[in-house]
Amino acid sequence: MNFKPLGERVLVERLEENTTTASGIIIPDNAKEKPLEGIVKAIGTEVKEVSVNDKVVFGKYSGTEVKLDSKEYLILKLEDVLGVIA
């Protein structure tokens, strides 16, 4: 993949959500919510707060979904990134 976000934007790959509950109940695909965590794969030239490979949390309805090299990613404005998980 060769993608460079512009300005204060980041490219994020969503982390997979667990498919079972703590008690072992399997959650079907149509009942799962999209995860709110992801790994930063690329950053724009004006981004100083996060780095590539940081694990971040973002808002539920944030970003624009794109498909690159048959994988789905989110392009987020930096203001939509709520924090970095250490």
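This is a chat about the strands, cores and salt bridges of one predicted model.

Reader: Before we start, what should I know about the model and the numbering?
Author: The model is predicted, so to speak of local features we need pLDDT of at least 70, side-chain atom pairs count only at pLDDT 80 or more, and totals for chains, interfaces and linings use all residues. Residues are numbered from 1 along each chain as its sequence is written, and side-chain values use heavy atoms, with hydrogens and water left out.

Reader: Cool. What order do the strands of the sheet come in?
Author: The order is β4-β5-β1-β2-β3-β6, an open sheet of six strands with antiparallel pairing. Strands here are DSSP runs (E, at least two residues; helices would be H or I, at least four), numbered from the N terminus. Two strands pair if DSSP finds at least two bridges between them.

Reader: Which ones are the edge strands?
Author: β4 and β6, and each pairs on one side only.

Reader: And how are neighbouring strands turned against each other?
Author: By 45 degrees on average, direction ignored. The axes are lines fitted to C-alpha atoms (for helices, over the stretch in contact), and angles run from 0 to 180 degrees between N-to-C directions.

Reader: What holds paired strands together, in general?
Author: Strands of a sheet pair through backbone hydrogen bonds, either parallel or antiparallel.

Reader: How many bridges are there between β1 and β2?
Author: Five, in the antiparallel sense. Glu13 stands opposite Ile39 of β2 there. β2 and β3 also run antiparallel, joined by three bridges, and Ile39 has Lys55 of β3 as its bridge partner. β3 is then joined to β6 (residues 81-85) by four bridges, antiparallel again, with Phe58 partnered by Val81.

Reader: Ok, β3 keeps coming up. Which of its side chains are buried?
Author: Val56 and Phe58, which point to one face, while Lys55 and Val57 point to the other and are not buried. Buried means under 20% relative accessible area, exposed is over 50%, and partly exposed is in between (1.4 Å probe, protein chains only).

Reader: What makes up the largest nonpolar core?
Author: Twelve residues in all, including Val10, Val12, Val40, Val56, Phe58, Leu74 and Val81. β1, β2 (37-43), β3 and β5 (71-77) are the elements that give two or more residues to this core. Apart from this core lies another one of five residues, among them Leu11, Ala42, Leu68 and Ile75. A nonpolar core is a set of buried Ala, Val, Leu, Ile, Met, Phe, Trp, Tyr and Cys residues joined through side-chain atoms within 4.5 Å.

Reader: Leu78 is in the big one too, right? What does Leu78 touch?
Author: Leu78 belongs to the largest core. Leu78 touches Glu8, Arg9, Val47, Glu49 and Val50, leaving aside residues up to four places away in sequence. Contact means heavy atoms within 4.5 Å.

Reader: Switching topic: how many salt bridges does a search of the whole structure find?
Author: Four. A salt bridge is a side-chain nitrogen of Lys or Arg within 4 Å of a carboxyl oxygen of Asp or Glu. One of them joins Lys41 and Glu13, with the closest N and O atoms 3.5 Å apart.

Reader: Why does that pair tie together parts of the chain?
Author: Because Lys41 lies in strand β2 and Glu13 in strand β1, 28 residues apart in sequence. Lys41 is partly exposed, at 31% relative accessibility.

Reader: Any others?
Author: Glu65 and Arg14 meet at 3.7 Å, N to O. Glu65 is in strand β4 and Arg14 in strand β1, 51 residues apart. Lys55 and Glu37 form another, at 3.8 Å, linking β3 and β2 across 18 residues. Lys55 is partly exposed at 32%, and Glu37 is partly exposed at 31%.

Reader: Back to Glu13, which residues share its salt-bridge network?
Author: Lys41 and Lys71 are linked with Glu13 in that network. The side chains of Glu13 and Lys71 also make a polar contact at 2.9 Å. A polar contact is a pair of N or O atoms within 3.5 Å; within protein, one must be able to donate a hydrogen and the other to accept it, and residues adjacent in sequence count only if both atoms are side-chain atoms.

Reader: Last one: is Ser62 buried or exposed?
Author: Ser62 is buried, with a relative accessible area of 15%. Ser62 sits in the loop between β3 (55-58) and β4 (64-68), and its side chain reaches the backbone oxygen of Gly59 at 3.3 Å.
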